[in-house]
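Grab your favourite viewer and a coffee. Here is a set of exercises to work through with the model open beside you.

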Amino acid sequence: MTMTPSLDRPIGERYFGLRLDTLIRLRWLAISGQTLAIVVVHWVLGFTLPIGACLSVVALSGWLNLALRLRNPGARRLSDVEAAWLLAYDILQLAALLFLTGGLSNPFAFLFLAPVLISATALSPRTTILLGVLAATCAALVGLWQMPLPWVDGGALGGAPLLPPVYLSAIWCALAIAIAFIGVHAWRVAEETRELSEALAATELVLAREQHLSALDGLAAAAAHELGTPLGTITVVAKELARSLPPDSPMSDDISLLGEQAERCRAILRTLTSLGGGDAPFDRMPVSHILEDVVAPHRNFGIAIEVTMPARGGAEPIIARNPGLLYGLGNIVENAVDFANGRVDIVANWTESDMTVTVTDDGPGFPPELIDSIGAPYVTSRGRHRWRREAEEEGEENSEGRREGLGLGVFIAKTLLERSGAELSFLNRASPAHGASVSVRWPRRAIDISGEGPAGGRGEG
C-alpha cells in the first residue's frame, strides 16, 4: 500500500524525507568528482596541492558512505533531522576542501549550492533554511581564512594573481544570493508537485468511496435477480404445503405466514428492479432527477435552494448517474450553501450542442485575487489556516465575511467534473447583485445518453 502524508498537516510537516540510498549515491558521485579534480589538478596540470590532506578529506566521506551502507538498508527513509545532519556534513566537507585549495577563489565554491538544493526539494523549509545559513557561513569562513590557491609560478599565467577582497566579497554575496534564490525556487516547485500529488491522491480516495456507494445499486439489482428464483420456489412450496395440510393442523398458521413473507420479499425485489428501469437501479436519470439528488442533502440548513429547468427545453438529457459527477456537483452546491446568506439558485439549460448547470449564491462571492486560481490544490492554504484560527477565536464560521477556505475540495470537484467532459468557470455576480457563480458546461454528446441525441430542440432558460 502506498502511504501518503496527511493532508491535514500544515505545510512543512508533509515530508517523507530522503531515501538513504539517494544520499549515498549522490555522495559517491561527489567523491568521484572531487577525487578526479584533485588528481587532474595535481598530477596532470602540475599544480601543487596539499594532496595528502585533500585525499584524506575525500576518504573520510568514502568511509562514512561505506559505514552507512553496511549499517542501514538502502530503502530506509531518513527523518528530517537525520537527512539534515548528513547534508550538513557534506557542506562541512566541501568547506574543508575549499580551505585547502584557495577558499572562494576556487571556482568549485559554487558547489555549496548542491546540499541546499537537495534539501529544498525533499526536506522541510526549516531544515533548508538552516542548511542555507550553514553553507553561507562556511563560505564566509573560507573566504576569510584559506590556504592559497595553487597557481603555477612563472607559467602562462605570469605568476599567482592576487584577487582583491572586494572581488572575494562579491563572490560570497553572489553565492549567498544563489543559495537563497535557488533554494526558494526549488522548494516552491517541489512543494507544488507535492501538493498536486496529494490532491490527486485525495481525489482518487474520494472517487473510490463514491464508487463503493454507487456499487450498492448494482448489488441491489443482483440481489433482486438472484433471489427471485428461490423466493418463487419457496412461495410455490408454501402453497403446496398449505393445500396438503388439514384445516385444523397446528402448522397451518406457520405455513400461511411463510407464504406471506415470501410474497412480501418478492414484492420488495420487484420494486427494486422497477426503480432502475434496467440492469441497475438509478443507473441513468434525467438531469432534473440528478440535480434533486445532489441538492437533497443540503435543503435542511436554513438556505433556500431553487432548482430551475428550461420552460421549453425539448427532450430532457438523460445522464449516467456516476459517483464523480454526483460528488463534483455536490461539492459546488455545498460550497454555495456554506457561503450563501439565504438563497442558492441552480439553473439547468441545454441546447442542441451543450448542457449547462449554473450554481449561484447571494453570499460574499470569491476573493477577487483568487478567482483566476480557483481549482488549484491548496490555493488558499494560508487563508484557510487564518480563517480556521479566527473562527476558533471568535466563534464564527468566517469572521472576515470572505469566501476563504476553497482549495482541495474544489480541486477534487473540478477534477472529477472535467473527467466527465465538463468545463468550469468561476466568477462573481455583476453589481448590484452579489455572490458567486459557478458554471459547469458539457458538450451534449458527452453527457446525454438518452439515445435520442440532441434532437429535442433548443432549450430556453
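What follows is a handful of exercises on this predicted model, each with a worked solution.

**Exercise 1. Get the overall picture: how many helices and strands does the chain have, and what percentage of its residues count as buried?**

Start with secondary structure: there are 12 helices and 7 strands. Next, burial: 41% of the 461 residues count as buried. Finally, look at the contacts between residues at least 6 apart in sequence: 75% of them join residues at least 24 apart.

**Exercise 2. Check the geometry of helix H1 (residues 20-44): what should it span, and how far apart are its end C-alpha atoms?**

Step one is the expected value. H1 has 25 residues, and the expected span is 1.5 Å times one less than the number of residues, so 36 Å is what we should get. Step two is the model itself: the end C-alpha atoms sit 35 Å apart, which agrees.

Step three is to see which side chains are tucked away. Leu-20, Asp-21, Leu-23, Ile-24, Arg-27, Ile-31, Gln-34 and Ile-38 are the buried ones in H1. The buried residues pack against helix H2 (51-71), helix H3 (80-100) and helix H4 (113-122). Just past the end of H1, have a look at Gly-46, which takes a positive phi of about 80 degrees.

**Exercise 3. Zoom in on Asp-21 in helix H1: buried or exposed?**

The cut-off for buried is under 20% relative accessible area. Asp-21 has 10%, so it is buried. For a long-range check, try Leu-78: it is 57 residues from Asp-21 in sequence, yet the two C-alpha atoms are 9.7 Å apart.

**Exercise 4. Do the same for Gln-93 and Thr-101: where do they lie, and which residues do they touch?**

Gln-93 first. It belongs to helix H3 and is buried at a relative accessible area of 8%. Skipping residues up to four places away in sequence, Gln-93 touches Gln-34, Val-57, Val-58 and Ser-61. Gln-34 is one of the buried residues of H1.

Now Thr-101, which lies in the loop between H3 and H4. With 12% relative accessibility, Thr-101 counts as buried too. Leaving out neighbours within four places in sequence, Thr-101 is in contact with Leu-49, Cys-54, Asn-106, Met-147 and Leu-149. The C-alpha atom of Pro-50, 51 residues away along the chain, is 8.1 Å from that of Thr-101.

**Exercise 5. Characterise the largest pocket: what is its volume, and which elements line it?**

The volume comes out at about 840 Å³. Of the 32 lining residues, Gln-34, Leu-94, Leu-97, Phe-108 and Leu-111 are the closest to the centre. H1, H3 and H4 are the elements that give two or more residues to the lining. H1 has the largest share, with 11 residues.

**Exercise 6. Dissect the largest nonpolar core: which of its residues touch the most other members, and which element has the largest share?**

The core holds 37 residues, and those touching the most other members are Val-344, Ile-346, Leu-417 and Trp-442. At least two residues each come from helix H8 (287-295), strand E2 (304-308), helix H9 (323-339), strand E4 (343-350), E5, helix H11 (408-419), E6 and strand E7 (436-443). H9 has the largest share, 7 residues. A separate core of 31 residues lies apart from this one, and includes Leu-68, Ala-95, Leu-113 and Ala-178.

Stay with H9 for a moment. Its 17 residues should span 24 Å, and its end C-alpha atoms are 24 Å apart, which agrees. H9 is also mostly covered, with 14 of those 17 residues buried.

Then pick out Val-344. Beyond neighbours within four places in sequence, its contacts include Ile-305, Ala-336, Val-337 and Val-359.

**Exercise 7. Find the aromatic pair: which residues form it, and which parts does it tie together?**

The count is 1 aromatic pair. It is Phe-366 with Phe-426, at 6.0 Å centre to centre and 80 degrees between the planes. Planes over 60 degrees apart count as edge-to-face, so this pair is edge-to-face.

Next, place the partners. Phe-366 lies in the loop between strand E5 (354-361) and helix H10 (381-394) and Phe-426 in strand E6 (residues 423-428), so the pair ties together parts 60 residues apart in sequence. As for burial, Phe-366 is buried at 4% relative accessibility, and Phe-426 is buried at 14%.

Conventions: Residues numbered from 1 in each chain as written. Predicted model: local features only at pLDDT ≥ 70, side-chain atom pairs only at ≥ 80, totals over all residues. Heavy atoms only, no water. Phe/Tyr/Trp six-rings, centres within 6.5 Å; stacked < 30°, edge-to-face > 60°. Helix = DSSP H or I, 4+ residues; strand = E, 2+ residues; numbered from the N terminus. Buried < 20%, exposed > 50% of the residue type's maximum accessible area, 1.4 Å probe, protein only. Contact = heavy atoms within 4.5 Å. Core = buried A, V, L, I, M, F, W, Y, C linked by side-chain atoms within 4.5 Å. 1 Å grid on protein atoms, 1.4 Å probe; cavity = no way out; pocket = protein on both sides within 12 Å on 5 of 7 lines; lining within 4 Å. Points joined across faces, edges and corners; volume = space filled by probe spheres on them.
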